[in-house]
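Colleague: Could you take one buried polar side chain in this model and go through its surroundings closely, working outwards from there to the charged pairs and the nonpolar parts?

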Amino acid sequence: MGALILTREEVRELTGSAQRALQRQHLNALGIPYRVNAQGWPVVLRDAAVKSLGGDAANDGRDNDDATLDMRFLDS
């Protein structure tokens, strides 16, 4: 089983920011749920991030082996 939560580096990449407050602002704007740990860093469940971005987790119980991400929003 993969990691349950995104790493700090993954949250930085997702939000485009290394600052905790800006990460939280961007997660809010994306509608990605998170919790804040004792040090103030956002903690994001991997499954919540994938679902919020329109994808399907690779380990969601279906028979396919590939994760998918709906990128159709780039066509507009």
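Modeller: In this predicted model, the side chain of Gln 23 reaches the backbone oxygen of Ser 17 at a distance of 2.8 Å. Gln 23 belongs to helix H2, which covers residues 20–30, while Ser 17 sits in the loop between H1 and H2, and the polar contact therefore runs from a helix to the loop that comes before it. Gln 23 counts as buried because its relative accessible area is 2%, where the limit is under 20%. Ser 17 falls under the same limit, with 11%, and so is buried as well.

Ser 17 also has a polar contact of its own side chain, since a polar atom there lies 3.1 Å from the backbone nitrogen of Gln 19. Once residues up to four places away in sequence are set aside, Ser 17 touches Arg 12, Leu 22 and Gln 23. With neighbours within four places likewise left out, the contacts of Gln 23 are Val 11, Arg 12, Thr 15, Ser 17, Ala 18, Trp 41 and Pro 42. Arg 12 thus appears in the contacts of both Gln 23 and Ser 17, and it offers a way from this buried pair to the charged side chains.

The side chain of Arg 12 meets that of Glu 9 in a salt bridge, with 2.6 Å from N to O. Both residues lie in helix H1, residues 8–15, where they are three residues apart, or about one turn of the helix. Neither is buried: Glu 9 has a relative accessible area of 45% and is partly exposed, and Arg 12, at 33%, is also partly exposed.

This is one of three salt bridges in the structure. Another joins Glu 10 to Arg 46, whose closest N and O atoms are 2.8 Å apart. This pair links distant parts of the chain, given that Glu 10 is in helix H1 and Arg 46 is in helix H3, residues 46–52, with their positions 36 residues apart. Glu 10 is partly exposed at 28%, and Arg 46 is partly exposed at 26%. Asp 47 and Lys 51 form a salt bridge too, with a closest N to O distance of 3.1 Å, and both are found in helix H3, four residues apart, about one turn of the helix. Here the two partners fall into separate classes, because Asp 47 at 35% is partly exposed, whereas Lys 51 at 55% is exposed.

Going back to the contacts of Gln 23, Val 11 is one of them, and Val 11 is also a member of the largest nonpolar core, whose seven residues further include Leu 6, Leu 27, Ile 32, Tyr 34, Val 44 and Ala 49. Within that core, Tyr 34 has contacts beyond four places in sequence with Arg 24, Leu 27, Asn 28, Pro 42, Val 43 and Val 44. Pro 42 is therefore shared, as it touches Gln 23 as well as Tyr 34.

Some nonpolar side chains lie outside that core, at the surface: Leu 4, Ile 5 and Leu 45 make up a nonpolar patch with about 280 Å² of accessible area together. Of these, Leu 45 is placed in the loop between strand E2 (42–43) and H3, and with a relative accessible area of 45% it is partly exposed.

Terms used:
Residues are numbered from 1 along each chain as its sequence is written. This is a predicted model: local features need pLDDT of at least 70, side-chain atom pairs count only at pLDDT 80 or more; totals for chains, interfaces and linings use all residues. Side-chain values use heavy atoms; hydrogens and water are left out. A nonpolar core is a set of buried Ala, Val, Leu, Ile, Met, Phe, Trp, Tyr and Cys residues joined through side-chain atoms within 4.5 Å. Buried means under 20% relative accessible area, exposed over 50%, partly exposed in between (1.4 Å probe, protein chains only). Contact means heavy atoms within 4.5 Å. A salt bridge is a side-chain nitrogen of Lys or Arg within 4 Å of a carboxyl oxygen of Asp or Glu. Helices (H or I, at least four residues) and strands (E, at least two) are DSSP runs, numbered from the N terminus. Patches are made of residues with over 30% relative accessible area and no salt bridge: like charges are joined within 9 Å, nonpolar side chains (Val, Leu, Ile, Met, Phe, Trp, Tyr) within 5 Å. Accessible areas come from the Shrake-Rupley method with a 1.4 Å probe; for residues, only the protein chains shown count as cover. A polar contact is a pair of N or O atoms within 3.5 Å; within protein, one must be able to donate a hydrogen and the other to accept it, and residues adjacent in sequence count only if both atoms are side-chain atoms.
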